[in-house]
Amino acid sequence: MTQDAEIKYFTLEEVKVHDGKQDPKVWFIYKDSVYDVTDYLDDHPGGGDLITEYAGRDATKGFDDFGHSSDAKKQLKCYKIGEIVEEQRKGKKKNPTKVAAGGPTVKTVSPEKPPASCVNIVTCGLCG
């Protein structure tokens, strides 16, 4: 039996505020998912400035153009905090969502398989 997972949905306007300037948090969008990478800025191999260049906006093209490794893409999953609302997505449409009053849109779903935890990803990377 799987537990319901709560997915948060954000508008482009909500993400835009988290640019490291208006707000100390640094969020960006990658393939219609929203990531809070604030705690990763100092650890990024290319420096935090490369990330803050895309803070508050869609970083998909820049991330893909750089040619990040599969390990980098796995690590990125650890920072996912939600997704862009359906009507503002650039990618394929998903199930409709309802807007929650006074906050981000929330949808409850039953995942087919539980998401991998960051600990599992790190452990797998250490095991070779």
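**Exercise 1. Find the atom contact that joins Glu-83 and Lys-80, and say how buried or exposed each residue is.**

Step 1: The two side chains meet in a salt bridge, 3.2 Å from N to O. The term stands for a side-chain nitrogen of Lys or Arg within 4 Å of a carboxyl oxygen of Asp or Glu.

Step 2: Now the surroundings: Glu-83 is buried at 7% relative accessibility, while Lys-80 is partly exposed at 37%. Here buried means under 20% relative accessible area, exposed over 50%, and partly exposed in between (1.4 Å probe, protein chains only).

Step 3: Follow the shared partners and you get one network of Lys-80, Glu-83 and Arg-89.

A word on the model: it's predicted, so local features need pLDDT of at least 70 and side-chain atom pairs count only at pLDDT 80 or more, while totals for chains, interfaces and linings use all residues. Residues are numbered from 1 along each chain as its sequence is written, and side-chain values use heavy atoms, leaving out hydrogens and water.

**Exercise 2. Work out which residue pairs with Lys-90 in a salt bridge, and where both partners lie.**

Step 1: The partner is Asp-58, with the closest N and O atoms 3.7 Å apart.

Step 2: Lys-90 sits in the loop between β4 (80-84) and β5 (105-109), and Asp-58 in the loop between α2 (48-52) and α3 (60-66), so the pair ties together parts 32 residues apart in sequence. Helices (H or I, at least four residues) and strands (E, at least two) are DSSP runs, numbered from the N terminus.

Step 3: Lys-90 is exposed at 70% relative accessibility, whereas Asp-58 is partly exposed at 21%.
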